Amino acid sequence: EGEKLLSVDELRVQERHWMEMWKDAKNELRQLRQDLKGEADEEVRAELIADIEGLKKRKGDWGRLLGLNETIADVPVTF
C-alpha cells in the first residue's frame with residue numbers, strides 16, 4: 001500500500017546511490033579502525049567502537065539493499 005514501483009532507470013539510479021553509500025561506509029570503517037588502533041584514551045576508544053558498530057550496521061543495510069549479503073536478507077532495513 002504506499003509503495004512505489006520504480007522504473008528500470010529509477011532503480012539504476014537508486015542502486016548507484018546505494019553502492020556509493022556502501023563504498024563510503026566501507027572507507028569510513030577502514031579509517032575508524034585505523035584511528036582506533038592508535039588511540040590510547042579509553043573514552044575516545046569507546047566512542048570509536050560505537051561509531052564502528054553503527055557504521056557496520058549501516059553498511060550491512062546498504063549491502064542488503066544491493067543483494068550483497070543474501071544470508072541475512074530477511075532482516076528488515078529501516079532508514
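**Exercise 1.** In this predicted model, determine whether Arg-12 counts as buried, partly exposed or exposed, and identify the salt bridge that joins Arg-12 to Asp-9.

*Solution.*
1. The relative accessibility of Arg-12 is 45%. Partly exposed covers values between the cut-offs of 20% and 50%, so Arg-12 counts as partly exposed.
2. Asp-9, at 53%, counts as exposed.
3. The two side chains, Asp-9 and Arg-12, form a salt bridge with an N to O distance of 3.3 Å.
4. Both residues belong to helix α1, where a spacing of 3 residues puts about one helical turn between Asp-9 and Arg-12.

**Exercise 2.** Describe the salt bridge between Arg-58 and Asp-61, and state which residues share its network.

*Solution.*
1. The N to O distance between the side chains of Arg-58 and Asp-61 is 3.2 Å.
2. Arg-58 is partly exposed at 33%, whereas Asp-61 is buried at 1%.
3. Helix α2 holds both Arg-58 and Asp-61, 3 residues apart, or about one turn.
4. Through shared partners, salt bridges link Lys-57, Arg-58, Asp-61 and Arg-64 into one network.
5. The whole structure has 6 salt bridges; another of them pairs Lys-56 with Glu-53 at 3.3 Å, N to O.

**Exercise 3.** Locate the patch of negative charge on the surface and name the helices that supply it with at least two residues each.

*Solution.*
1. The patch gathers Glu-20, Asp-24, Glu-28, Asp-41, Glu-43, Glu-47 and Asp-51.
2. Helices α1 (8–37) and α2 (42–66) each contribute at least two of its residues.
3. Asp-24 lies in α1. A patch residue needs over 30% relative accessible area; Asp-24 has 44% and is partly exposed.

Notes. Residues are numbered from 1 along each chain as its sequence is written. This is a predicted model: local features need pLDDT of at least 70, side-chain atom pairs count only at pLDDT 80 or more; totals for chains, interfaces and linings use all residues. Side-chain values use heavy atoms; hydrogens and water are left out. Patches are made of residues with over 30% relative accessible area and no salt bridge: like charges are joined within 9 Å, nonpolar side chains (Val, Leu, Ile, Met, Phe, Trp, Tyr) within 5 Å. Accessible areas come from the Shrake-Rupley method with a 1.4 Å probe; for residues, only the protein chains shown count as cover. A salt bridge is a side-chain nitrogen of Lys or Arg within 4 Å of a carboxyl oxygen of Asp or Glu. Lys and Arg count as positive and Asp and Glu as negative; His and the chain ends are not counted. The place of a charge is taken as NZ of Lys, CZ of Arg, CG of Asp or CD of Glu. Helices (H or I, at least four residues) and strands (E, at least two) are DSSP runs, numbered from the N terminus. Buried means under 20% relative accessible area, exposed over 50%, partly exposed in between (1.4 Å probe, protein chains only).
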